[in-house]
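Visitor: Could you walk me through this model, one question at a time?
Guide: Gladly; let us look at it together.

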Amino acid sequence: MLPNLTQQFNIGNIVSLASYLYRSNFKKFSRLSLFAHLWLIVPIYGWAKFYAFAGLISRLAFNEISSQSESSKVAKIQIKKRFWQFLITAILVILICLLQFFIFYIGISIIAGIIYGILAIVFGAISQPINQANPFDNPIFKIIIIPTAIAVYSSPLWFYSRFFRGCFKSPRK
């Protein structure tokens, strides 16, 4: 039996609703989810198919909750109409995230190089001949490269969290 949807949702209601929903449609949702995850193997096009299948599962779940039962075939037709939007969105998300990462990577590398050059000149770390100098033995290099590496490798997480928070923010009224 479907839980009462007129009352305010709390954690218990959501868990009860989710367990009911997946228990009653387990075969259908798990099959769709399996196909969706198999598409993840194929880059870009497969990722768009994955999002299309995720949209299909969401549509079926929403219709089940709102008591507007819809067959998988009808829902698939509706989702297939929007497949190109999923594909374009997947490509744009990848391009935007890569562009942001590379801009940040290049920028932080240039800044770190300038700081290293200034500190090396000030502290005389470049007094050795160039062919004998090993920058990894230099403490100034280690002081600069460790924060730079942390910044460069954690920047995708920062960019992705800001990007997706902006994508899914509800419009203000």
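**A walk along the helices**

Guide: Helix 5 has 41 residues, and from its first C-alpha to its last it reaches 59 Å, close to the 60 Å expected at 1.5 Å a residue. Please keep in mind that this is a predicted model.

Visitor: How many helices and strands does the secondary structure of the protein chain come to?
Guide: Starting at the N terminus, the elements of the protein chain read α-α-α-α-α-α. The secondary structure therefore holds no β elements, as helices and strands are taken from DSSP runs. The count comes to 6 helices and 0 strands.

Visitor: What share of the residues of the protein chain count as buried?
Guide: The protein chain exposes about 12,800 Å², with carbon and sulfur atoms supplying 70% of that area. To count as buried, a residue needs a relative accessible area under 20%. Of the 173 residues in the protein chain, the share that meets this is 23%.

Visitor: Which residues of helix 5 are buried?
Guide: Helix 5 covers residues 83-123. Phe102 lies in this helix, but at a relative accessible area of 43% Phe102 is partly exposed, so it is not on the list. The buried residues are Phe83, Leu87, Ala90, Cys97, Phe101, Ile108, Ala112 and Ala120.

Visitor: Which residues make the nonpolar surface patch of about 910 Å²?
Guide: A patch residue needs over 30% relative accessible area. Phe102 has 43%, and Phe102 is one of the patch members. The full set is Leu98, Phe102, Tyr105, Ile106, Ile110, Ile114, Ile118, Val122 and Phe123.

Visitor: How far apart in space are Pro156 and Phe102, C-alpha to C-alpha?
Guide: Pro156 sits in helix 6, residues 139-167, while Phe102 belongs to helix 5. Pro156 is buried because its relative accessible area is 16%, and the limit is under 20%. Along the sequence the two are 54 residues apart, and in space their separation is 9.6 Å.

Visitor: What kind of aromatic pair do Tyr22 and Phe29 form?
Guide: A search of the whole structure finds 5 aromatic pairs. In the pair of Tyr22 and Phe29, the rings lie 5.3 Å centre to centre with 65 degrees between the planes. Planes over 60 degrees apart put a pair in one class, so Tyr22 and Phe29 are edge-to-face.

Visitor: Is Phe29 buried or exposed?
Guide: Its partner Tyr22 has a relative accessible area of 39% and is partly exposed. Phe29 has a relative accessibility of 3%. Since the cut-off is under 20%, Phe29 counts as buried.

Visitor: Which residue of the aromatic pair of Phe50 and Tyr51 is partly exposed?
Guide: Phe50 and Tyr51 pair edge-to-face, at 5.4 Å centre to centre and 65 degrees between the planes. Phe50 has a relative accessible area of 17%, so it is buried. At 44% relative accessibility, the partly exposed residue is Tyr51.

Visitor: Which residues do ring pairs link into a cluster?
Guide: A good place to begin is Tyr45, in helix 3, residues 45-65. Leaving out residues up to four places away in sequence, Tyr45 touches Trp39, Phe83 and Leu87. Ring pairs are what define the cluster, and its members are Trp39, Tyr45, Phe83 and Trp84.

Visitor: What is the separation of the C-alpha atoms of Tyr45 and Leu87?
Guide: Tyr45 is partly exposed at 37% relative accessibility, whereas Leu87 is among the buried residues of helix 5. The two are 42 residues apart along the chain, yet their C-alpha atoms are separated by 6.4 Å.

Visitor: What is the phi of Ile44?
Guide: Ile44 lies in the loop between helix 2 (26-39) and helix 3, and at 33% relative accessibility Ile44 counts as partly exposed. Most residues other than glycine have a negative phi. Ile44 is not a glycine, but its phi is positive, about 55 degrees.

Visitor: How far apart in space are Asn25 and Glu64, C-alpha to C-alpha?
Guide: Asn25 is found in the loop between helix 1 (11-24) and helix 2. With a relative accessible area of 10%, Asn25 is buried. Asn25 and Glu64 are 39 residues apart in sequence, and in space the value is 9.3 Å.

Notes:
Residues numbered from 1 in each chain as written. Predicted model: local features only at pLDDT ≥ 70, side-chain atom pairs only at ≥ 80, totals over all residues. Heavy atoms only, no water. Patch = residues over 30% accessible without salt bridge, like charges linked within 9 Å, V, L, I, M, F, W, Y side chains within 5 Å. Areas by Shrake-Rupley, 256 points an atom, 1.4 Å probe, with all protein chains shown as cover. Salt bridge = Lys/Arg side-chain N within 4 Å of Asp/Glu carboxyl O. Helix = DSSP H or I, 4+ residues; strand = E, 2+ residues; numbered from the N terminus. Buried < 20%, exposed > 50% of the residue type's maximum accessible area, 1.4 Å probe, protein only. Expected span 1.5 Å × (residues − 1). Phe/Tyr/Trp six-rings, centres within 6.5 Å; stacked < 30°, edge-to-face > 60°. Contact = heavy atoms within 4.5 Å.
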